[in-house]
Every structure is written in structure tokens, then in C-alpha cells.
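Student: I'm new to this structure and would like a close look at one part of it. Could you walk me through a single chain and the partners it touches?

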Amino acid sequence: MLERHPSALSSIVAIGLNTFREAIRDRVLYLLLVFALIIIGVSRLLSLLTVGDEEKIIKDVGLAAISLFGVLTAVFVGVSLVFKEIERRTVYTLLAQPVARSHFLAGKFVGLFSVLLLNVVLMSTALFSLLAIRGESPWPLLPAVFLIAVELVVVTAFALLFSSLTNPVLSSVWTFAVYVAGHLSWSLLLLKDKVPEGIARWVCTGLYWLLPNFTRLNLKSHVVHGLELPDGYIGLAALYGLGYGVVVVALACWAFSRKEFL
Amino acid sequence: MASEVAALSIAGLRKGFSGHLGIGRRTAVDGVDLSIRQGEIFGLLGPNGAGKTTTIKMVLGLLRPDEGEIRMFGMPSSDRAARARLGYLPENPYFYDYLTAREFLDFYARLQGVSSADRGPLVDRTLERVGLAGRADTALRKFSKGMTQRLGLAQAIQHEPDLVILDEPMSGLDPQGRREVRDLILELRDSGKTVFFSSHILQDAEMICDRVGILKAGRLISSGLLDELVSDTVRWFEVMVAGTLPAGVESEREAGRENEHLVRVPDVEALRELLDLVHAGEGQVVSVWPRRDTLEDLFLAQTLGDKPGA
Amino acid sequence: MRAVNPLMAVVLVAALASSWAGARLERVADDSSIERELLLLPNGKHLKVASLGQAPVLADLIYLWAIQYYSSYERADRFRYVKHVFGEVIVELDPHYIDAYWMGALILIVEARDIDGGLALLDQGIAANPDEWLLPYLAGWEAYHAERYDRAEEYFAAAEVIPGVPVYARRTRIGMAAAKGDHRRAYAMWLGILQDPVSDAGTLDIAERQLRHLKIKIDIEEIQSWVEKFRSENARWPRSLNELVAARYIDALPIDPLGRPYAYDAVTGEVAAQQDRVLSEGA
């Protein structure tokens, strides 16, 4: 007879696949991707304006484009996906199935991140090809691209967390806020020393540790200038980012389980 | 056939919503108790805004009740095992545009835990049951409202759930569509399933329900077997007479067409008298309509506070 | 319920692993990875393009950061990129950022002891802002302190003819000619500016700073001259400056504007000021 309810893995995979297919159809995705590819191409033109290391411009712009468009895609596509489903009540019949809500959200995450990963791979391929054509080895850029992917894990997790909590406009705003704050968290350390002793200092320290420190995941200038990294840095940074991402996804799952569908 | 455990039992259900910016509070569902036996068709009726959809959402776990308990086949409704025995169709459903009917049902079958070997044949069978076999590979964005509704029913019944919950299943359908849905619901009951649906189309409910409940402003003001609530006896007759009325006969009101009058008589005796009079005079009897209490009368009486009849 | 626990365990492990990795990275990152990134700032011309029209704000932010960075004294070797940061980034983004020119010049001259670098930066500023009298005026004073009197005179001559230059600035060139090396004269001039009611806050600031510089020079000259006198009369350098007081050459030892005594090397007989910390005092 019919099985009564699916395993966690199979439902996450099923929903992930479905989400992937849905995200692939979002036109915003293609818009952003094409724009990113154009920018990478344009960097070739920009390099004509500079004196000296022309490849540096291409690498800088390329990595910046991959990172920035990755984040934009994570936020806009991610937020709109969840919103559309709720708005159009597609989600009602899904939640009536014997699938735990947390599995549902985990599946969404898997699907969404797969699309982002695909995006990163496509953009990186374009960038790497451009460099290879010019006779420059692109492989040193790989660690930076890898950590950009890790950064996207965290941003996507936040996008899903906020989508479960509030409307799409606020979700996007909050996710961007976290992204910006994560890149500027080092300034909290500077602020801590300038601020008078007491609660303010604790707040600064607390926020610094709580916010995702995206600077740690940012190897763009390291790879472009060929700077040496301490041993095991990439592993540590990946562990930091992925661990953080897991926690935020768990939070998102919790938020989604508590959600009421009016 | 029906066993002891209720298919669905709701006790003391309450749900309130806070108003905008936390000001004010509106109680959507105010103490609802109902029990549906296995193998019966239950209709939850009521005007718009009565709380039907809110109640159903709470049964489905889409909303959390403030108070009360919901059980399905004896299990708490939040159990996954309970949801496995459940099929649901929301009001005005909308599904993924880009999937075909087949892909759509296949996805839902996966979520139900059907193995890959069984999925294909199951989907085919289901498409046949709802009459969409010819459109198996059409993209959902090309579906008409009626076809979408049928597909919605398909996913609700595909896994042979013991309890099927339908929120306004007839809405937006033409008479043909509504007939098909009614037939499907009857079919489900005949194969031992329990059906719980909400509607504001009373005629449909009257035709197929075993039991009804009338919801008004969050309260269940009437509930019970349809046969008990709505009696079968003739209350009065309405006779349409064309031409001049016999002397002494008053018309209830003027009918639409010229020279047509509507006369009401309280029983068979009075009816015979009237027919004789008309026959003897210059008028003609156009139609005779025996009026029974309909669900609509009951409904209007309950919701507006008038008594049925005159 | 049972399914929750393994999941919670995974999340807990992830949180711990992430925190541990974060703490480790914190120690590693102390090796100025952040600063390095910012120090290797791209050329201002490129940044300008990237800033999408917000170049002045970007200049401000980088300036803010630079000030914080350069005022933390724990970092050795922090002057490697001063010229780049100030001369090629900030002022490229905002060529009219007067503060950046003279602050950068100040850091170069006082902290990194690079007179030529500082003056070059000020020259850059003068070239980009021909209507700004303050830059050649300050450059003149810095040249004066570096005892490049001819250059100082050139700067003051340039400042003098810029419309809007205040009255006392005009007097400077004349005073300069007379005061070549005469610190007391220069001191008096600045004192006059400090007491002048029309001087604005910025100028008063500068005046105070100049007065401090000059006082140090005057004090050192004075002590040095007494040390020399002691030597000529006693055929040896005094063992410490206090000996001068004991031997009644001076009534009391002058102290520097921060309240510290002057340093003295008994072997070479040299009097000097203690390490100057321009940026931390009265910014």
C-alpha cells in the first residue's frame, strides 16, 4: 500500500528540486546574471584606462561582480520565492502534506542555494575564461570564489529567515542590512575603544561577535595581490561561515514552524 | 461500518486576531464544537466572514488556535501521521505555473512518500479519476479555472486519504463542474472516506451532505443531521395562475410576466379548491410548486433571525 | 519530538564549531589582514569610478579610517603607505579635501620624519587648490621648522597674494625674512595671532600647535646654550640637567608643552625633546 510519510532526506530533496526549478524560471535571475556577465566583459574595456597591471582590474571587477550579484540574487530571488508561494497559497497544500515545516524550509534553502551555486560557477567560468584568454592563470582566484560561495550560504540563510518573519520589502532590507553590517563589523572594534567604559563597550563587543564577519570570508584582495595566507586559513574561514549558516538556517526553520498563515 | 473514533473532532476552538497596530481584537472563531463521524459528508456553511476558512486553517495547522483541541481519528491534528491520512483543497487554489499536471502530481506523491516505482501508475490513475488524463502534459499556466480545481482535487485525493477537507470546492465552477465535484464527493463517501467541506452554495450542500453545521460570526449556531434540520413535509404550495384571478382570490405578488399571478395556499385542500376555481373561471394554471423548508430557509432564518414560512 | 534532538545536536555543533573557528580567525587576522586590504587601496582614480558619484563620501570615510589607524601607535611600520593613502587615494577622490593634505603632511613630517614627503603632499594640494591660502601658509611654516628658510619664504610669498588671505598671514613673509632662525620672533608672531580676536577656531588650533613647536625649539636652544656654557667653564658636560640648576646657571628647568622635562644625553651634551605625539594632543 502507500507509504505513509517520506523520510526527511527525500522530502528535502523533493522540495529542493522543485524550488530549484521554480527559481530557474525567475526572470530576475537572468537579468542579474546577464548584467554580471556584461560587467565582467566591460572590465576588459576598463583595463584599457589603467596604467600597469591590466589584469588586476579584470580580477577586481570580476570578483566584485560575482560577489555582489550573488548577494543580489540571493536576496531578490530568495525573498520573492517564499513570498510568491505564500501569497498565492501554493504553500497551503504543501504544508498539508506529512512533511515537517522545518524540512520544507530546509528544502527551500537547498534549492535556492543550488541555483546560486550554479550562478557563481557560470560567472566564475566567464571570468576565468577571460583571464585564460589573456594568458593569465585564473586558478589563484579559486579560494576567493570558494569563500564567496560560503558567504552566499550565510546571506541566503538570512534571506530565508527574514522571509519567514516579515513581508518581502522588509525582508530584503534586513538582509541587506546584515550584509553591509557584516562587512563593516571591524569598525565595531574601532568604535569599542573610542566609546566610554561600560554598557556601550559590551554592546560593541557583543554585536561584533554576533554579526557575521564577512571580512574573514573576503579574500579578494589577497588573491589579486598574491598575498600569502596563514596555514589552514581557508579551512577555518569555511568552517566559520558554514557553521554560522547552519545556525541561521536552523533559526529560519524555527521561525517558519511558528508562522501563521492568515 | 463507522467505527467509534470520530474522523474529526473539534472542541472549544477559539481564535482571535489583533487589529492593526495592536489596537482592538476581533474574534474570528468563538467556541466551536463539532464532531464528524467516519464515512459521512459534513458541510460547514455560513456567510462570508463567518470563520469557515479560519476553522479549516486551524484544522490544517496553518493557524494556531488560541484555545481548543482538534483531533483526527483520535490523534492530535499536529501529528504527521494524522496529516498522512488527510487530503486538503484550499479556496481558490493556485499552483506552480511551469509544471505539467503530471509533474505536479508526481511532486505531491513524492511528498506523500510514495516510492518511485508506484508513483507513475498512481499519477495516471488519479488523472483519470478527475478527468484530466488528456491534459497530463499540459503546463498548469494554461489551465482554466475548472481544470485547476480538478487538479486541486486530484492532489487532495491521490494518496487515498481517509479524511478529505475541501474549502469552497464549488466556487467559480459552472453547473457542469459543480455536478462533477458533487459526484466525486459522493464517490469518496461510497468508498468509505469522510468528507468535510465548506460552502456557501446551499443547494449543493443540501444535495449531498449527511450533516451540516451553520457558522455565524465564529459560532456554530446550528449543527446536526440534514434530515433532522430540514423537514420533508410540504409547508405550502405556490401556484402560478395566468389570466384573470377568480373572485376572492388574492395574489401573493405579481409574477414577472403580464397577467401572471402567484398565489399561495397552505395545504392540499386549499390547493384543490383553488384549482377548481381557476378551472371554472377564465384563468389558467401555469404551475404548481410544493414548497418545503430548504436549507436556504433555515440558513436565512438562522443568520437573519426570521422564521421560515409566513 | 524524537526527530528534533539529533537536529538540535547538529545545530549546536555547528554553532560551537563556527565560534571556535571565528575565535581562531580573530587571532590570525590580527596580522593586519584588514589593514592590509585597506592599505592596498586601489588608486583613487579607479575608486572614483567605483564610487558611483559618491567620491567625496568615500574620501571622508577613508580619511576617517586613516586618522584612526595612524593614531594608534602600537602598529610598527605603519607609515609605509601614508603617501599612497593620502596622496593617491583620498585626494584623488576629493582633490579639494584640504584637511587631508595638511593632515597627511603633518603625519609625514612629524611622525614619519619625512619633510620632503610632507612638503610634496602640500605642493600637490597647492596645485589642486590655488585659491586656498592655508596650504602654502602651512607649508611655509613646516619649511621654516625644517630650517629651509628660502623655501619657506617662497611659500609665504605665494600665500600672500591669494585673495582672502588674512592680514597676519601677509605679515608673515616680512617677519620670515627677519626671523630666519629666530624662533623667539616667530613665537611672538604666532602669539599675536592667538590673541587676535578675528582668528577663527581652525587658525587658533594651528597657532597653538605652532607655538608648541616653537617653545620646544626655544627651550632647547636655551638649555643647550647653558650646557655649552657649563662645558666651557667646567671642561666637561654636566652629568644631568639638574646640575645646571644646582650650579645656578638656570633657576628652574623649562619643561615642554606637555609637561615633560627635556631629554639630555650626558655623553654628547645634546638636549632634545621627548618623542613628539602631535596627533594625540589637542586634535
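Tutor: Happy to! One term comes up right away: two residues are in contact if their C-beta atoms, placed from the backbone, lie within 7 Å. Keep in mind that this is a predicted model. Let's take chain A and begin where chain C meets it. That contact draws 20 residues from chain A and 17 residues from chain C. On the chain C side, α1 (4-29) and α2 (33-39) are the elements that give two or more residues. The largest share, eleven residues, comes from α1(C). Sorted by class, the side of chain C that touches chain A holds ten nonpolar, four polar and three charged residues.

Now turn to chain B. Here 25 residues of chain A meet 29 residues of chain B. On the side of chain B that touches chain A, at least two residues each are supplied by α1 (52-60), α2 (80-84), β6 (86-89) and α3 (101-111) of chain B. That side of chain B has 17 nonpolar residues, along with six polar and six charged ones.

And chain A itself? It has eleven helices and zero strands. Its C-alpha atoms fill a box of roughly 70 × 55 × 35 Å along the principal axes. The radius of gyration of chain A is 20 Å, which agrees with the value near 18 Å for a compact globule of 262 residues. Of those 262 residues, 45% count as buried. Finally, among contacts in chain A with a separation of 6 or more, 81% join residues 24 or more positions apart.

Definitions and conventions
Residues are numbered from 1 along each chain as its sequence is written. Chains are lettered from A and ligands numbered from 1 in the order in which they are written. This is a predicted model: local features need pLDDT of at least 70, side-chain atom pairs count only at pLDDT 80 or more; totals for chains, interfaces and linings use all residues. Helices (H or I, at least four residues) and strands (E, at least two) are DSSP runs, numbered from the N terminus. Ala, Val, Leu, Ile, Met, Phe, Trp, Tyr, Cys and Pro count as nonpolar, Asp, Glu, Lys and Arg as charged, and the others, Gly among them, as polar. The radius of gyration is taken over C-alpha atoms; the globule rule is 2.2 Å times the number of residues to the power 0.38. A residue is buried if 20 or more other C-beta atoms lie within 10 Å of its own, exposed if 12 or fewer, and partly exposed in between; C-beta atoms are placed from the backbone.
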